Amino acid sequence: MRAAYRETLEAFNQDLMTMCDTVRTIMGHASKGLLEQSLDDAETALTLIDELKEIGERCEERSMRLLALQNPVATDLRQVLAAIHLVEYFERMGSLARNIAVLVRQRHPASVYPPPLHGYVEEMTRLVAAMGATTRALLDDPDPDVAVELHTIDEGVDDMRAFLSTLVSDREWEYSTREAVDLSMISRYYERYADRCVDIAGQMVFLVTGLRPEAYLRQRDEPDYENLEKFATIERKFRKP
C-alpha cells in the first residue's frame with residue numbers, strides 16, 4: 001500500500017513539473033506574440049491551453065486519490081496539500097497567459113501597445129520569464145531561501161506595472177484610448193502571473209519548513225525569534241506597572 005502511495009505521489013510530482021513547463025511555454029509564446037506581433041505564437045499559446053487543462057484534471061484526480069485512499073501521514077499530507085495549491089496556481093497562470101495571447105490575436109496585425117513603449121513591455125516580460133524559471137527550479141530543489149527571493153523580482157514587476165498605469169492615465173498620453181486600455185490590461189496580467197509565482201514559492205517554503213514565508217524569514221534572520229516572543233509574553237504578564 002505504501003509503495004503504491006509513493007508511486008502515485010511521484011507521478012503527481014512529475015505532472016506538476018510538466019504543468020509548470022507547459023505554463024512557461026504558453027507564456028513564452030504569448031510574450032513573443034505580444035512583442036513581435038506574431039499571430040503564430042499567439043495561436044500556439046492558445047492551442048497549448050487544452051494540454052494544460054488535461055494535466056490539471058489528471059492532477060486533481062490523483063490528489064483526491066492520495067487524500068481519500070492512502071491516509072497520508074503529516075509530512076506527506078503537507079506535500080499533497082501544497083501540490084493541490086500548485087495545480088490551482090498553474091491553471092490561473094495559464095489563463096493569464098491565454099488572455100495575453102487572445103489580445104494579440106484580436107489586434108493582429110497591429111501592435112497591442114504603442115511601439116515607442118516596447119522597451120517597458122519587453123522588460124516586464126523578461127522579469128516574468130525569470131520568475132517562471134526560478135519557480136521551475138524550485139520544483140526540482142525546493143530551497144526556501146531561493147523561494148523568498150522571488151519577492152525581489154516581483155517588486156520589479158509591481159513597479160513596472162505601477163509606472164505603466166501612471167503613464168496611461170497621464171493627461172499627456174499621446175496614443176489612443178484602445179492602446180491605453182490594452183496596455184493596462186497586459187500589465188495587469190503580467191503582474192498577476194508574477195503574483196502566482198510568489199504564491200508557488202510560498203508553498204515551497206511551507207513544504208520544506210512548515211512555515212509561511214514571513215515566519216520563515218523571521219526565524220532565519222532572528223534564530224531566537226520564538227524564544228524572544230515567549231520571553232516578551234512572560235515579561236508582559238509579570239512586569240510590575
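What follows is a walk through the fold, the core, two of the helices and the main pocket of this predicted model.

Starting with the overall layout, the protein chain has eight helices and zero strands, so read from one end to the other the pattern is simply α-α-α-α-α-α-α-α by the helix and strand assignment used here. Of the 241 residues in the chain, 42% are buried. Contacts mostly link parts that are well separated in sequence: taking those with a separation of 6 or more, 80% are between residues 24 or more positions apart.

The inside of the protein comes next. The largest nonpolar core holds 67 residues, and the elements that each put two or more residues into this core are α1, α2 (39-69), α3, α4 (118-140), α5 (144-169) and α6. The largest share comes from α3, with 14 residues. Leu-34, Phe-90, Tyr-113, Leu-183, Ile-186 and Tyr-193 are the residues with the most contacts inside the core. Tyr-193 is worth a closer look: leaving aside residues up to four places away in sequence, Tyr-193 touches Val-23, Arg-24, Met-27, Met-93, Leu-96 and Val-128.

Right beside Val-23 in sequence is Thr-22, which sits in helix α1. Thr-22 counts as buried because its relative accessible area is 6%, and the cut-off for buried is under 20%. Not counting residues up to four places away in sequence, its contacts are Leu-48, Glu-51, Leu-52 and Ile-55.

Helix α5 has 26 residues and runs 38 Å from its first C-alpha to its last, close to the 38 Å expected at 1.5 Å a residue. Its buried residues are Pro-144, Ala-147, Val-148, Leu-150, Asp-154, Val-157, Met-160, Leu-164 and Val-168. An α-helix has 3.6 residues a turn, so residues three or four places apart point the same way. In α5, the buried residues pack against α4, α6 and α7 (213-221).

Finally, there is the question of open space. The largest pocket has a volume of about 160 Å³. Its lining is made up of Asn-13, Leu-16, Met-17, Gln-79, Ala-82, Ala-83, Leu-86, Leu-139, Pro-142, Met-204 and Leu-207. Three elements, α1 (2-36), α3 (74-107) and α6 (177-209), give two or more residues each to this lining, and α3 gives the most, with four. Sorted by class, the lining has nine nonpolar and two polar residues, and no charged ones. Helix α3 therefore turns up twice, as the source of the largest share of the core and as the top contributor to the pocket lining, going by the helix assignment used here.

Terms used:
Residues are numbered from 1 along each chain as its sequence is written. This is a predicted model: local features need pLDDT of at least 70, side-chain atom pairs count only at pLDDT 80 or more; totals for chains, interfaces and linings use all residues. Side-chain values use heavy atoms; hydrogens and water are left out. On a 1 Å grid over the protein atoms alone, a cavity is a set of points where a 1.4 Å probe fits but cannot get out, and a pocket is an open set with protein on both sides within 12 Å along at least five of seven lines; lining residues have an atom within 4 Å of a point. Grid points are joined across faces, edges and corners, and a volume is the space filled by probe spheres set on the points. Ala, Val, Leu, Ile, Met, Phe, Trp, Tyr, Cys and Pro count as nonpolar, Asp, Glu, Lys and Arg as charged, and the others, Gly among them, as polar. A nonpolar core is a set of buried Ala, Val, Leu, Ile, Met, Phe, Trp, Tyr and Cys residues joined through side-chain atoms within 4.5 Å. Buried means under 20% relative accessible area, exposed over 50%, partly exposed in between (1.4 Å probe, protein chains only). Contact means heavy atoms within 4.5 Å. The expected span of a helix is 1.5 Å times one less than its number of residues.
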